[in-house]
Amino acid sequence: MEGNNCFIFGNKIVPGIFLERGNELKFKRNQIIYYPGQLLEGILIVTEGRVENFIYSSNGNSKIFFIFGPGSIIGETNIFGNVLNPVYYKASDNAKALYVSRNTLVDILKTDYNAVEFLMESMAKKIVTFYYQTQDLTFGEAETRVCNTLIQLARYYGEKNSDNTVSLNIKITHQFLSDILGINRTTASKIAIGLKKQNLIDVKSGKYIITDIDKLSAYNKAITE
């Protein structure tokens, strides 16, 4: 517990009122939590594990939009406008989340500014992430998109090591890069191998390590100019 009755999940501080008034739900690995077309009646706050949302194309390919780690909110962009959920949500591994109904959430937001700020910050981050995704899809080459994704993942899931490398605390495969970037697996594999040969990244036990995030950022900037 942190000051002001807050709790820390992962590296995010969550107002304690959500823990007090939410109901804990458990999900098994690969369990579909929500389907497209559902009208969500509340939000989920991930407390353990990870959840991802994605869509399928007509030929069966998938495109991942977000990865939700501990402290992340699911559903807040849908419930206030009664907007139907447009994507699948799936537990990437065994996960737990707090469920807060819409009515309960409204009551919380009327009385707790920390909760309002927590919700607004989540929405703002998603808007910015969508901006970068749109920019990448519109203007970015595949290699640039891979670099941008690794840099963004380092911000959300990175852990700095004593040698100034950054370990991504999430298992990343070439298929995952393909799904999140909308490129084919062969292209994702070639780019990852190329970045490794240049000593910009390393891979150990299925986890990516960014050897120098400043050099990766500088490299990414150079190939876009």
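N164 is found in the loop between β11 (158-160) and β12 (166-171). Let's start our tour right there. This is a predicted model, and N164 has an eye-catching backbone angle: its phi is near 70°, a positive value in a residue other than glycine. N82 is another case, with a positive phi of about 50° although it is not a glycine. You'll find N82 in the loop between α2 (76-79) and β9 (88-91). Is N82 buried or exposed? With a relative accessible area of 55%, N82 is exposed.

**The whole protein**

Now zoom out. The protein has 8 helices and 14 strands. Its radius of gyration is 18 Å, close to the 17 Å that the globule rule gives for 225 residues, so the protein is as compact as a globular protein of that length. If you lay the C-alpha trace along its principal axes, it spans about 55 × 45 × 35 Å. Of the 225 residues, 45% count as buried. The accessible surface comes to about 12300 Å², and carbon and sulfur atoms own 50% of that.

How do distant parts of the chain come together? Look at the contacts with a separation of 6 or more: residues 24 or more positions apart account for 68% of them.

**Inside the cores**

The largest nonpolar core has 31 residues. Those with the most contacts inside this core are F18, I33, I43, I45, V51, I74 and Y89. Take V51 and leave aside its neighbours within four places in sequence: V51 is in contact with a whole list of residues, including I33, F66, F68, I74, Y89 and A95. Apart from this core lies another one, of 30 residues, with I64, Y157, L216 and Y219 among them.

**Strands, hairpin and sheet**

V51 belongs to the stretch covered by strand β6 (residues 51-56), which is joined to β7 by 6 bridges, the two running antiparallel. One of the pairs is Y56 with its bridge partner S62 in β7. Together β6 and β7 form a hairpin with 5 residues between them. In the turn, G60 has a positive phi of about 95°. Why can we say that β7 is largely enclosed by the rest of the structure? It is because 7 of the 7 residues of β7 (residues 62-68) are buried.

Elsewhere, 4 strands form an open sheet in the order β3-β10-β5-β8, with antiparallel pairing. At the edges stand β3 (23-27) and β8 (73-74), each with a single partner strand, so one side of each is left without a neighbour in the sheet. On the β8 side, 2 bridges join that strand to β5 (residues 42-48), and the two run antiparallel. In one of these bridges, L44 has I74 in β8 as its partner. You've met I74 already: it is among the residues with the most contacts inside the largest nonpolar core.

**Helices with sides and partners**

Helix α3 (residues 102-111) has three names to remember: its buried residues are T104, L105 and I108. They cover an arc of only 100° around the axis, which puts them on the same side of α3. What about the other side of α3? There, N103 and K110 are exposed.

Next come α5 and α6. T149 is found in helix α5 (residues 142-157), and L181 lies in helix α6 (residues 174-181). T149 touches I180 and L181, not counting residues up to four places away in sequence. L181 also sits 8.1 Å from A142, C-alpha to C-alpha, with their positions 39 residues apart in sequence. Past α6, N184 is found in the loop between α6 and α7 (185-197). The C-alpha atoms of N184 and H174 are separated by 9.1 Å, and the two are 10 residues apart along the chain.

Here are some residues from the tour, set out by how much of their surface can be reached:

| Residue | Relative accessible area | Class |
|---|---|---|
| L181 | 5% | buried |
| T149 | 11% | buried |
| N184 | 45% | partly exposed |
| N82 | 55% | exposed |

Buried means under 20% and exposed means over 50%, with partly exposed in between. Why does L181 count as buried? Because its relative accessibility is 5%.

Key:
Residues are numbered from 1 along each chain as its sequence is written. This is a predicted model: local features need pLDDT of at least 70, side-chain atom pairs count only at pLDDT 80 or more; totals for chains, interfaces and linings use all residues. Side-chain values use heavy atoms; hydrogens and water are left out. A nonpolar core is a set of buried Ala, Val, Leu, Ile, Met, Phe, Trp, Tyr and Cys residues joined through side-chain atoms within 4.5 Å. Buried means under 20% relative accessible area, exposed over 50%, partly exposed in between (1.4 Å probe, protein chains only). Contact means heavy atoms within 4.5 Å. The arc is that of the directions from the helix axis to the C-beta atoms. The radius of gyration is taken over C-alpha atoms; the globule rule is 2.2 Å times the number of residues to the power 0.38. Accessible areas come from the Shrake-Rupley method with a 1.4 Å probe; for residues, only the protein chains shown count as cover. Two strands pair if DSSP finds at least two bridges between them.
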